[in-house]
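Subject: Handing over a structure

Hi,

I am passing a structure on to you, and here it is for you to open. Below it you will find my notes on what turned up.

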Amino acid sequence: MTDAVATMTDAPDSRPPPAADRPVDLSPRVADEVKTTTCYMCACRCGIRVHLQDGQVRYIDGNRRHPVNRGVLCGKGAAGIMHLRSPARLRKPLRRVGERGSGDFVAIEWDAALDLATAWLARARATNPHRLAFFTGRD
Ligand code: SF4
């Protein structure tokens, strides 16, 4: 038993050093290009910087030089990357097939969705187009 313990303690330790002893890169390079634009997650249109690596969006932060937000980015704006990267994002139009509120939808093709929308809006167009308005807001 003593020999076995001595062998184990004499063997070189191949494990990595404890995390606390490893150097930490506090500013890792995660982008090779930065594009400035505005956030479309709500109507405020805050200035953002989109950081790309090999042409792919890596993260978004606020643009300090933009007069609207001066670098501040809300959580919704920071989540804008999820429009591109989330595996749960919508990829096709969804048509409700159950009762309103049931959450029952099926994915349909864009042509079918546009045909549906055209048919739904045809009555407003034929009778009183001023009844129709689109609104986008911050909530
Ligand atoms: S979602 Fe947030 S960051 Fe984007 S425009 Fe609106 S307030 Fe600005």
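Glutamine 53 stands across from glutamine 56, which belongs to strand S3. Please keep in mind as you read that this is a predicted model. The two strands on either side of that spot, S2 (residues 47–53) and S3, pair in the antiparallel sense over six bridges. They form a hairpin with two residues between the strands, and there aspartate 54 takes a positive phi near 55°. That is worth a second look, because most residues other than glycine have a negative phi. Aspartate 54 sits in the loop between S2 and S3, and it counts as exposed because 8 other C-beta atoms lie within 10 Å, where 12 or fewer is the limit for that class.

S2 has a partner on its other side too: S1 and S2 are paired in the antiparallel sense, again over six bridges. If you want one pair to find on screen, take lysine 35, whose bridge partner in S2 is valine 50. Put together, the three strands make an open sheet in the order S1-S2-S3, with antiparallel pairing. Strand S1 (33–38) and strand S3 (56–62) each have a single partner strand and stand at the edges, so one side of each has no neighbour in the sheet. On average, neighbouring strands of this sheet are turned by 30° against each other, direction ignored.

The loop between S1 and S2 holds arginine 45. Its phi is positive as well, near 60°, in a residue other than glycine. Arginine 45 is partly exposed, because it has 14 C-beta neighbours inside 10 Å.

Leucine 52 is a good residue for seeing how the chain comes back on itself. It is found in strand S2. Alanine 31 is 21 residues away from leucine 52 in sequence, yet their C-alpha atoms are 5.0 Å apart in space. Leaving aside neighbours within four places in sequence, leucine 52 is in contact with Ala31, Asp32, Glu33, Lys35, Val57 and Arg58. Is leucine 52 buried or partly exposed? It is partly exposed, since 15 other C-beta atoms lie within 10 Å and a buried residue would need 20 or more.

Now for the core and the ligand. The largest nonpolar core is made of five residues, namely Cys39, Met41, Cys46, Ile48 and Leu73. In soluble globular proteins, nonpolar side chains tend to be buried together. Cysteine 39, one of the five core residues, has contacts with Arg45, Cys46, Ile48, Gly77 and Gly80, apart from neighbours within four places in sequence.

Which residues come nearest to the ligand? Of the 12 residues around it, they are Cys39, Cys42, Cys46, Cys74 and Gly77. Cys39 and Cys46 therefore appear both in the core and in this list. By class, the ligand's shell has seven nonpolar, two polar and three charged residues.

Finally, the protein as a whole. Its secondary structure comes to four helices and five strands, and from the N terminus on the elements run α-β-β-β-α-α-β-β-α. Of its 139 residues, 6% count as buried. Among contacts with a separation of 6 or more, 21% are between residues 24 or more positions apart.

Enjoy looking around, and do write back with any questions.

Best wishes

Methods: Residues numbered from 1 in each chain as written. Predicted model: local features only at pLDDT ≥ 70, side-chain atom pairs only at ≥ 80, totals over all residues. Core = buried A, V, L, I, M, F, W, Y, C linked by C-beta atoms within 7 Å. Contact = placed C-beta atoms within 7 Å. Near = placed C-beta within 6 Å. Nonpolar A, V, L, I, M, F, W, Y, C, P; charged D, E, K, R; others polar. Pairing = 2+ DSSP bridges. Axes fitted to C-alpha atoms, helices over the stretch in contact; angles between N-to-C directions.
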